[in-house]
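The following questions and answers go through the bound ligands and the cysteines. Each answer ends on the value or name asked for.

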Amino acid sequence: MTNQPRYLSIRWKIIILAAIVLGLTSLLFIWQQHEFQSNELKMQQAEFREHSRIILENLLQSQTNQIRMLGELLLEQPGIADNLLHKRAAALAQSVQAISDELGFAQNILAVVFFDEQQKIQSVWGDTLYEEDVLPLAGLASNHATSRISLFCKQICARQISLPIYFQGRMVGSVSMVVGLGQLQNDLHALTQADVVVLKGRNQDERAPLGGMSVIFNTGQFSRELLSAAQNDDHWLDGLLQLQQAGQIYQLFMIHSQQFGGNALHFLLIRNITNSVQLVDYKSNKIIISGLLVFMLALCILYLMLRPTVARFSHLIKILPMLGNEPRDYTQLRDAYAVRPAGMALGRIWRDEADDLETMAITLTARLEQLNEDSLHHLESLSVHSNQLKKERDFISSLLDTAPVLILSYGEDGSIQLANAQATHASGVTDLVGKNFAELFIGISQHDFATEMAEIKSGNVHHLESTLTNQDGRKHNLLWFSSRLPVGMADTPIYLSVGMDITEHKQNEARIHHMAFYDMLTQLPNRRMLLDVMRHAMLACGEEKLYCAIIFVDLDNFKAINDGRGRNIGDQILVEIAKRLRSSVREFDTVAHLGVDEFVILLEELSGDLELAAAQSRVIGEKLCRAVSQPVVLHDHTYHLTCSAGISMFIGNELTTEAALRQANIAMTHAKTSGRNTLRFFDPEMQLKLEARATLEVDLRRAIAGKQFQLFYQAQSNTERQPLGAEVLLRWLHPTHGLISPAQFIPFAEESELMQPLGQWLLETACAQLKSWETDELTASLQLAVNVSARQFHQPDFVEQVLNTLAKTGAPPSRIKLELTESMVLENIQDAVSKMLALKKIGVQFSIDDFGTAYSSLSYLTQLPLDQLKIDQSFVRNIGISNSDDIVVQTIINMANNLGMQVIAEGVETEVQFQFLKESGCNTFQGYLFSKPLALGEFIDYLNRLKGDSA
Ligand code: C2E
Ligand code: CA
Ligand code: CA
């Protein structure tokens with residue numbers, strides 16, 4: 001607890017202080033006065049004692065002289081000596097009586113004793129009581145023969161003077177006069193007004209009167225008790241003693257007389273000084289009272305002098321706080337200071353600090369008024385500035401609020417200082433200020449955010465993504481750019497985070513990701529995704545030492561359905577197959593859709609034993625094939641599908657993902673070639689073939705540059721077996737592998753960019769050949785059928801290329817017949833029609849190659865400007881074997897005839913086929929029955945041979 005000082009006003013402080021000072025001064029003065037009074041009393045007393053002593057001495061002296069004179073007078077009496085000699089005692093006494101009568105013994109002579117020569121008493125006058133006492137003294141007197149005073153005390157004390165008595169010059173005796181002290185005492189009392197007690201002591205130093213010392217004379221009423229008290233007091237030595245008895249004050253002092261030799265005589269003087277003391281006391285009291293009066297007066301004056309000051313002070317103190325009041329009226333304040341409290345007459349005479357204080361207060365008020373005015377002025381200009389600032393701030397905040405991003409600033413601890421409308425809206429919190437940015441917007445603790453922010457602190461812009469559930473309950477993805485505001489903008493670091501809503505972007509990203517990694521039709525992972533999953537699977541199975549398997553499933557004859565029934569049906573079938581495959585395997589196995597009718601299934605966590613794992617894979621593979629072979633019913637139509645599946649096993653990363661896929665693909669191809677609807681495991685032998693193919697691809701690139709290609713010609717003949725022209729077939733004369741079939745390398749060339757220059761080259765070569773044949777009768781009428789690859793045909797400038805080539809070589813366009821396939825023209829029928837029409841204008845002819853294999857609807861045939869249909873070898877091969885194929889062949893021929901098109905059958909090998917075709921209405925043929933594809937020279941030879949035969 002704190003000690004609250006008690007309030008004591010300055011008035012009382014000054015008064016108390018002054019009172020103390022005054023009081024002390026008065027007391028000192030009174031004490032001094034009192035001391036002075038008592039000292040004076042003492043001095044008076046000492047003076048009195050000295051005075052008394054002198055009186056006593058004088059009295060003693062004068063009495064001694066009187067006695068001596070008396071003795072001498074006595075001795076002058078006639079006949080004294082004679083009377084003594086004759087021992088006339090009565091005469092002696094008579095003489096004394098006579099003198100006494102004559103003179104009157106004022107001296108109080110107690111006795112007169114006469115001694116003879118023998119010192120025997122002859123006569124005694126007066127009190128005989130002293131006889132014994134006087135005798136020894138008389139002897140003393142005769143011895144010295146001098147007149148000397150001696151003192152003796154018996155019952156009372158007396159003085160004795162002995163005088164020798166002479167007769168005729170001889171001392172005949174002596175006379176002793178005994179004189180009492182009564183007169184002396186009386187005289188002393190009369191002169192000093194003091195009571196006198198005579199005391200006898202052995203010497204003057206003795207304190208107490210000797211035993212036997214007698215009180216010779218007592219003039220006062222004081223008791224023996226007083227005397228004995230006085231005797232016991234040490235103050236005897238000082239010879240001054242003050243005692244009280246019965247309400248009276250007595251002063252006692254001793255005078256020692258020297259005049260009696262060894263027998264000291266002490267005179268005790270007792271004075272009643274009650275009155276003197278009372279007078280002193282009275283004087284002292286008077287001084288005290290007057291001192292107190294002076295003190296009171298001084299107080300009054302002090303009070304009167306202080307009162308106005310104090311009143312001014314308290315007045316000022318009361319109104320000074322008004323300075324702090326609002327609103328302030330300074331004039332009123334100044335008036336209030338100038339008002340003087342009533343009863344201040346003195347204050348008007350003597351100025352003091354209070355007046356100074358008043359002046360200062362008034363000055364202060366004036367200053368304050370000035371200050372107030374100044375501050376009002378400043379406030380005004382401040383408000384102008386602040387209005388301007390407010391406008392700017394409103395503008396900035398409206399900018400911030402309009403920005404389609406979340407903008408927030410916050411301190412080091414993450415507490416938000418500023419937030420724009422978007423941020424407020426997104427968070428759903430009305431007042432964001434003071435809330436924690438990290439917790440509210442990022443969804444992490446401030447501690448975790450601090451580590452995130454290390455970059456920002458180093459001055460870099462930091463990127464961070466977060467999700468925020470909006471007021472509408474939807475999750476939003478936000479991308480934050482956070483940075484630190486430049487140092488110096490504030491005392492403490494300020495951070496700025498701008499958040500962009502990237503939800504849509506994210507969704508797009510996810511969609512793109514899905515598109516990139518999933519097949520849009522079946523929603524199954526695509527090749528890229530599969531490869532990714534496979535990489536992970538390889539790592540995992542390597543660690544776990546468990547086998548994985550890749551099953552490559554390829555639908556048999558799907559192309560036929562797709563081309564025949566339309567892509568829509570094909571797609572629906574693929575979706576159904578995808579579902580079946582997916583549901584045939586475990587959840588964690590992957591089913592991917594690679595090509596149109598190609599699916600790849602990745603099986604993970606199979607056995608660690610290869611044989612066992614292979615067995616497991618076979619079971620699953622067969623299950624997959626069964627699933628595919630279940631009939632698919634679509635729009636009241638039932639489709640029967642089969643598939644060929646290839647399985648490749650792997651563990652760890654002994655194979656690359658591509659290699660594993662390739663192995664499975666090879667196995668699948670193997671399954672296909674072994675009659676379809678079957679399942680095969682990868683065989684290393686196949687791998688070798690595959691690798692050979694890969695090198696072929698590399699070689700192919702070199703082949704164009706190295707001019708390793710050659711054109712072979714296969715005759716196309718009429719019913720009379722006479723050649724009408726030839727199909728140009730490409731041959732690759734490989735430096736090490738010899739002649740390579742186009743079936744082996746054309747697909748690779750198609751896949752790569754190689755087909756374009758290759759196609760150009762062969763068209764040019766064929767045209768050049770036609771041009772050179774123009775002049776020869778043997779060849780001038782021949783037409784050349786040139787195979788066009790899909791890639792070639794789909795070139796936007798295909799028409800220009802052909803026109804240019806024709807123009808360049810000068811070949812007759814009507815001798816050129818371009819072979820297209822159904823799928824090539826069906827892919828974009830409008831484009832195909834326009835291209836074909838453009839070339840047909842100058843006479844170029846068109847034939848549909850491999851007709852009948854695509855299961856396509858034949859309605860397109862009417863739209864296309866075709867010259868010829870080429871019945872596919874597969875139908876021709878089955879002539880006479882498959883009844884249905886016979887019907888197909890006949891149908892095609894009829895249809896062509898009906899449409900006014902030529903029809904050619906290819907792959908005619910036997911006479912049976914030839915005859916059947918001829919009978920069915922086919923008029924052009926191509927096949928081994930007539931000629932194999934031949935090199936140019938051989939073909940010319942073949943022509944010449946036929947010419948010779950016919951001729
Ligand atoms: P294609 O256009 O259907 O060519 C006919 C194929 O059948 C040729 O095989 C030919 O040698 C073969 N052939 C002809 N008559 C018979 C026969 O009686 N029995 C049997 N079994 N086969 C016969 P080739 O030359 O190996 O060509 C294969 C395929 O390569 C061609 O099929 C064609 O699609 C493509 N091709 C060949 N040369 C070219 C070319 O110059 N350009 C383009 N784009 N493709 C070509
Ligand atoms: Ca052909
Ligand atoms: Ca063909």
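Buried means under 20% relative accessible area, exposed over 50%, and partly exposed in between, with a 1.4 Å probe and protein chains only. This is a predicted model, in which local features need pLDDT of at least 70, side-chain atom pairs count only at pLDDT 80 or more, and totals for chains, interfaces and linings use all residues. Residues are numbered from 1 along each chain as its sequence is written, chains are lettered from A and ligands numbered from 1 in the order in which they are written, and side-chain values use heavy atoms, with hydrogens and water left out.

Q: Is Glu-906, a donor of the calcium ion (ligand 3), buried or exposed?
A: Donors are N, O and S atoms within 2.8 Å of the metal (3.2 Å for Na, K and Ca); water is not among the atoms, so sites may look incomplete. Asp-849, Asp-850 and Glu-906 supply the protein donors of the calcium ion (ligand 3), at 2.0 to 2.7 Å. Asp-850 has 27% relative accessibility and therefore counts as partly exposed. Glu-906 has 6%, so it counts as buried.

Q: How many residues apart are Asp-850 and Glu-906?
A: Helices (H or I, at least four residues) and strands (E, at least two) are DSSP runs, numbered from the N terminus. The donor residues of the calcium ion (ligand 3) have the spacing D-D-x55-E in sequence. Asp-850 sits in strand β27 and Glu-906 in the loop between β29 (902-905) and α31 (911-920), and this pair, linking distant parts of the chain, is separated by 56 residues.

Q: Which residue coordinates both the calcium ion (ligand 2) and the calcium ion (ligand 3)?
A: Ligand 2 takes its protein donors from Glu-727 (OE), Asn-787 (OD1), Glu-819 (OE) and Asp-849 (OD), 2.1 to 2.4 Å away. Along the chain these donors follow E-x59-N-x31-E-x29-D. The two calcium ions lie 3.9 Å apart, and the residue that bridges them is Asp-849.

Q: Is Asn-787 buried or partly exposed?
A: Glu-727 in strand β23 and Asn-787 in strand β25 (residues 783-787) are 60 residues apart and link distant parts of the chain. Glu-727 counts as buried because its relative accessibility is 4%. Asn-787 has a relative accessible area of 23%, so the class is partly exposed.

Q: What distance separates a nitrogen atom of ligand 1 from an N or O atom in the side chain of Glu-909?
A: A polar contact is a pair of N or O atoms within 3.5 Å; within protein, one must be able to donate a hydrogen and the other to accept it, and residues adjacent in sequence count only if both atoms are side-chain atoms. Oxygen atoms of ligand 1 lie 3.1 Å from a polar side-chain atom of Glu-727 and 2.8 Å from a polar backbone atom of Tyr-928. For the nitrogen atom and Glu-909, the distance is 2.3 Å.

Q: Which strand gives the most to the shell around ligand 1?
A: A residue is near a molecule or strand if one of its heavy atoms lies within 4 Å of it. Ligand 1 has 22 residues around it, with Gln-714, Arg-731, Gln-873, Glu-909 and Tyr-928 coming nearest. At least two shell residues each come from β23 (723-734) and β27 (845-851). With five residues, the strand that gives the most is β23.

Q: How many disulfides are there?
A: A disulfide is a pair of cysteine sulfur atoms within 2.5 Å. The cysteine sulfur closest to that of Cys-541 belongs to Cys-548, and at 3.5 Å it is too far for a bond. Cys-541 is buried at 3% relative accessible area, and Cys-548 is buried at 1% relative accessibility. By this rule the count is zero.
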